[in-house]
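Work through the following exercises with the sequence and the model at hand, and attempt each task before reading its solution.

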Amino acid sequence: MMVIITTLFFPPNDPLALSILATTGFAVNYLARPIGAFFFGYIGDKFGRRLSLYISITMMLLATGFIGVLPVYAQVGVYASVSLLILRFFQGISCSGEATGALVYVMESIPYHQRFFYSALYNATIISGGVIAALVIAFSLSFLKSENAWRYPFQIAALVGIVGLLMRYNLSETKEFKAKKKQIKEVIAKLP
């Protein structure tokens, strides 16, 4: 999608600026991931895995959904470029929180002897999600003959995020997290 988005959100008349901004638009997502790892690691360890997952998916669905409705460069100029880069940054932050937080939640929620299988299954679902996203993008760009066809995959992803958010609403906190919290409270209570 970056190939299409680049021509819509960055100045098309300057090839050098277009190349630099396209690379930045792609890279900002990856540059934000360590920040997300620290942020969501702290949230997950301090307040719980459930809250961390809830915040990360909310941030991802909002950033992705807003990309799907952003005005383009021809409409608002540089504001479109800046908005896209900010939203890509938030996608990167939430992506690292989502990927790591979900794996930690899975590992803490299942019996030890099943962890290897479910960690492999978790990684398979990430790859499957990427394949499904590529199919949705290909379908949208190939069969929906509209100038806004590039927007549909982002809007569909936001809807999928809403479904995921609703599914996570009733998640319980992991037993391991509860046990560690209880252990910390006991240690603090024993301090003079």
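**Exercise 1. Find the residues that Trp 150 is in contact with, leaving aside its neighbours within four places in sequence, and place Trp 150 in the largest nonpolar core.**

Step 1. Taking contact to mean heavy atoms within 4.5 Å, and leaving aside neighbours within four places in sequence, one finds Trp 150 in contact with Met 1, Ile 4, Ile 5, Leu 8, Phe 9, Ile 67, Leu 70, Val 72 and Leu 141. This is a predicted model, in which local features need pLDDT of at least 70 and side-chain atom pairs count only at pLDDT 80 or more, whereas totals for chains, interfaces and linings use all residues. Residues are numbered from 1 along each chain as its sequence is written, and side-chain values use heavy atoms, with hydrogens and water left out.

Step 2. A nonpolar core is a set of buried Ala, Val, Leu, Ile, Met, Phe, Trp, Tyr and Cys residues joined through side-chain atoms within 4.5 Å, where buried means under 20% relative accessible area, exposed over 50%, and partly exposed in between (1.4 Å probe, protein chains only). The largest such core has 15 residues, and those with the most contacts inside it are Ile 5, Phe 9, Leu 84 and Trp 150.

Step 3. At least two residues of this core come from each of helix H1 (2-9), helix H2 (15-46), helix H3 (49-67) and helix H5 (78-109), with H5 giving the most, namely four residues. Helices (H or I, at least four residues) and strands (E, at least two) are DSSP runs, numbered from the N terminus.

**Exercise 2. Describe how H2 packs with H5, and list the residues that make the contact.**

Step 1. The axes of H2 and H5 are 6 Å apart and the helices pack at an angle of about 40°; axes here are lines fitted to C-alpha atoms, for helices over the stretch in contact, and angles run from 0 to 180 degrees between N-to-C directions.

Step 2. This angle makes H2 oblique to H5, because angles under 35 degrees count as roughly parallel, over 145 as roughly antiparallel, 65 to 115 as roughly perpendicular and the rest as oblique.

Step 3. On the H2 side the contact is made by Thr 24, Gly 25, Phe 26, Val 28, Asn 29, Ala 32, Arg 33, Ile 35, Gly 36, Ala 37 and Phe 40, and on the H5 side by Leu 85, Arg 88, Phe 89, Gln 91, Gly 92, Ile 93, Ser 94, Cys 95, Ser 96 and Gly 97.

Step 4. Sorted by class, the contact of H2 with H5 has ten nonpolar, nine polar and two charged residues; Ala, Val, Leu, Ile, Met, Phe, Trp, Tyr, Cys and Pro count as nonpolar, Asp, Glu, Lys and Arg as charged, and the others, Gly among them, as polar.

**Exercise 3. Describe how H2 packs with H3, and decide whether Ser 52 is buried or exposed.**

Step 1. H2 and H3 pack at an angle of about 145°, and their axes are 6 Å apart. Phe 40, Ile 43, Gly 44 and Asp 45 of H2 meet Arg 49, Leu 51, Ser 52, Ile 55, Ser 56 and Met 59 of H3, which by class gives five nonpolar, three polar and two charged residues.

Step 2. Ser 52, which lies in helix H3, has a relative accessible area of 3% and is therefore buried. Leaving aside neighbours within four places in sequence, Ser 52 is in contact with Phe 40, Ile 43 and Gly 44.

Step 3. The C-alpha atoms of Ser 52 and Glu 98 are separated by 8.0 Å, although the two residues are 46 residues apart along the chain.

**Exercise 4. Assign Thr 64 and Lys 175 as buried or exposed.**

Step 1. Thr 64, placed in helix H3, counts as buried because its relative accessibility is 7%. Not counting residues up to four places away in sequence, Thr 64 touches Gln 91, Phe 154, Ala 157 and Ala 158.

Step 2. Lys 175, in helix H8 (residues 175-190), counts as exposed because its relative accessibility is 70%. The C-alpha atoms of Lys 175 and Glu 108, 67 residues apart along the chain, are separated by 7.0 Å.
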